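Subject: Structure handover

Hi,

Here is the structure I said I would pass on. Have a look at it first, and then read my notes below.

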Amino acid sequence: MKDRLQALEQEAFTSIRSIGDVEELKALRVRYLGKKGELTEILRGMKDVAPDERPVIGSLANDIRARLEEGISSREEELQEQALEIRLRHEQIDVTLPGKPQALGGIHPISAVIEQIEDIFVGMGFEVAEGPEVELDSYNFESLNIPKDHPARDMQDSFYVTPEILLRTHTSPVQVRTMEKKEGQVPVKIICPGKVYRRDDDDATHSHQFHQVEGLVVDRGIAMSELHGILAAFAEKLFGMELETRLRPSYFPFTEPSVEMDISCVQCGGQGCRMCKETGWIEILGAGMVHPRVLEGAGYDSERYTGFAFGMGPDRIALLKYGIDDIRHFYTNDLRFLRQFQSV
Ligand code: PHE
């Protein structure tokens, strides 16, 4: 009996060592240690063993069972570790491989300029107001002191949807809409950025759709000096350099008096170059004191309040800032052009 037990142990251990699979190992456990297993089978012969030998055999059988249990579970651990290692080797990631490049977009140069303009004015206490691009003729023209037969309508030839509705030709209607909303309250201190449309033939300096940033300040005691001070400070911030500014008389139906503001040429500093057409000056915006008729029409008492307004073209400013010679580049969306501004 003792011999049979020892032989069984040896045989079992040989099998355990040669098994390479957890499932087979389970089957082996049943074969040797299960209820109908071989060890149990041998122990059934106990009744034939001499009584004084039984304890010795019994304890030997127990030891063998314990050793087999232990041998099987340590083999099981080994096999599981091996399997894990194989899996990890398969799933290994080579972190040194170059990644798939993600195509990064950039901000369009015109949007970048509009954002810069907004930041500067917001820093001076202005709010940003917006309005519809499809506008009523009455807001786009009439409330801005441009009646139906006014010659200034020629300067802003437009796209009409119906005789009374058009694509706005400037962002000035947003001024009137904002003043109406404020119902005579001051201060009004807004800028209105947005797209505008005119029936122009596209060329290097014209586009039928372009952008404007318009501004409006209305309060008690606003004078031409505030207009000049704020716009000169703005221009220096925008171009990041000290500049000379000058106001030239001009004409807009909705401001009186009206001016255009020039800055000393950002390229030559006023010496004269190709960019400023040898004049030393570059025009960057139109402005003026809000016409009393516009104030009254929007519900403001022009005896108590005055204001100034200004309007500029971010497209033109972007041309100047980045030294570009054709406005059409902004709208044809050639990636070779746009990629140059990725980090702007
Ligand atoms: N709206 C004018 C234009 O488009 C610009 C402007 C705005 C001029 C405000 C003066 C004051 O030409």
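Glycine 269 is a good place to start: its relative accessible area is 51%, so it counts as exposed, the cut-off being over 50%. You'll find glycine 269 in the loop between strand S8 (255-264) and S9. To get a feel for the distances here, pick out glutamate 91 as well: from C-alpha to C-alpha, glycine 269 and glutamate 91 are 64 Å apart in space, with their positions 178 residues apart in sequence. Do keep in mind that this is a predicted model.

Now for the ligand. Which residues are closest to it? Of the 14 residues that surround the ligand, the closest are His170, Ser172, Arg198, Gln212 and Glu214. Three of these names come up again at the level of atoms:

- Histidine 170 has a side-chain N or O atom 3.1 Å from a nitrogen atom of the ligand.
- Serine 172 places a polar side-chain atom 3.0 Å from a nitrogen atom of the ligand.
- Arginine 198 places a polar side-chain atom 2.9 Å from an oxygen atom of the ligand.

On its own the ligand has 320 Å² of accessible area, and the protein covers 93% of that. The space the ligand takes up is also the largest pocket. As for which strands build the shell around the ligand, S6, strand S9 (281-290) and strand S10 (306-312) each supply at least two residues. S10 gives the largest share, with three residues.

Next, the charged pairs. Side chains of opposite charge can pair when their charged atoms come close. How many salt bridges does the structure hold? The count is 20, and a few of them are worth finding on screen.

Take arginine 67 and glutamate 9, whose side chains form a salt bridge at 2.6 Å, N to O. This pair ties together distant parts of the chain, since arginine 67 sits in helix H4 (residues 54-91) and glutamate 9 in helix H1 (residues 2-18), 58 residues apart. Is each partner buried or exposed? Arginine 67 is partly exposed, at 37% relative accessible area, while glutamate 9 is buried, at 13%. The limit for buried is under 20%, so glutamate 9 falls within it.

Lysine 26 and glutamate 23 are another pair, with a salt bridge of 3.7 Å, N to O, between their side chains. Both belong to helix H2 (residues 22-33), and because they are three residues apart there, about one helical turn separates them. Lysine 26 is partly exposed, with 45% relative accessible area, and glutamate 23 counts as exposed at 52%.

The side chains of aspartate 157 and arginine 199 also meet in a salt bridge, at 3.9 Å, N to O. This one links distant parts of the chain too, and it joins two loops: aspartate 157 is in the loop between helix H7 (152-155) and strand S3 (160-162), and arginine 199 is in the loop between strand S5 (188-197) and strand S6 (209-219), 42 residues apart. Aspartate 157 counts as partly exposed, at 34% relative accessibility.

Finally, there is a network to trace: Asp137, Glu142, Lys148, Arg153 and Glu164 are joined into one by salt bridges that share partners.

Cheers

Terms used
Residues are numbered from 1 along each chain as its sequence is written. This is a predicted model: local features need pLDDT of at least 70, side-chain atom pairs count only at pLDDT 80 or more; totals for chains, interfaces and linings use all residues. Side-chain values use heavy atoms; hydrogens and water are left out. A salt bridge is a side-chain nitrogen of Lys or Arg within 4 Å of a carboxyl oxygen of Asp or Glu. Helices (H or I, at least four residues) and strands (E, at least two) are DSSP runs, numbered from the N terminus. Buried means under 20% relative accessible area, exposed over 50%, partly exposed in between (1.4 Å probe, protein chains only). A residue is near a molecule or strand if one of its heavy atoms lies within 4 Å of it. A polar contact is a pair of N or O atoms within 3.5 Å; within protein, one must be able to donate a hydrogen and the other to accept it, and residues adjacent in sequence count only if both atoms are side-chain atoms. Accessible areas come from the Shrake-Rupley method with a 1.4 Å probe; for residues, only the protein chains shown count as cover. On a 1 Å grid over the protein atoms alone, a cavity is a set of points where a 1.4 Å probe fits but cannot get out, and a pocket is an open set with protein on both sides within 12 Å along at least five of seven lines; lining residues have an atom within 4 Å of a point. A molecule sits in a cavity or pocket if more than half of its atoms lie within 2 Å of its grid points.
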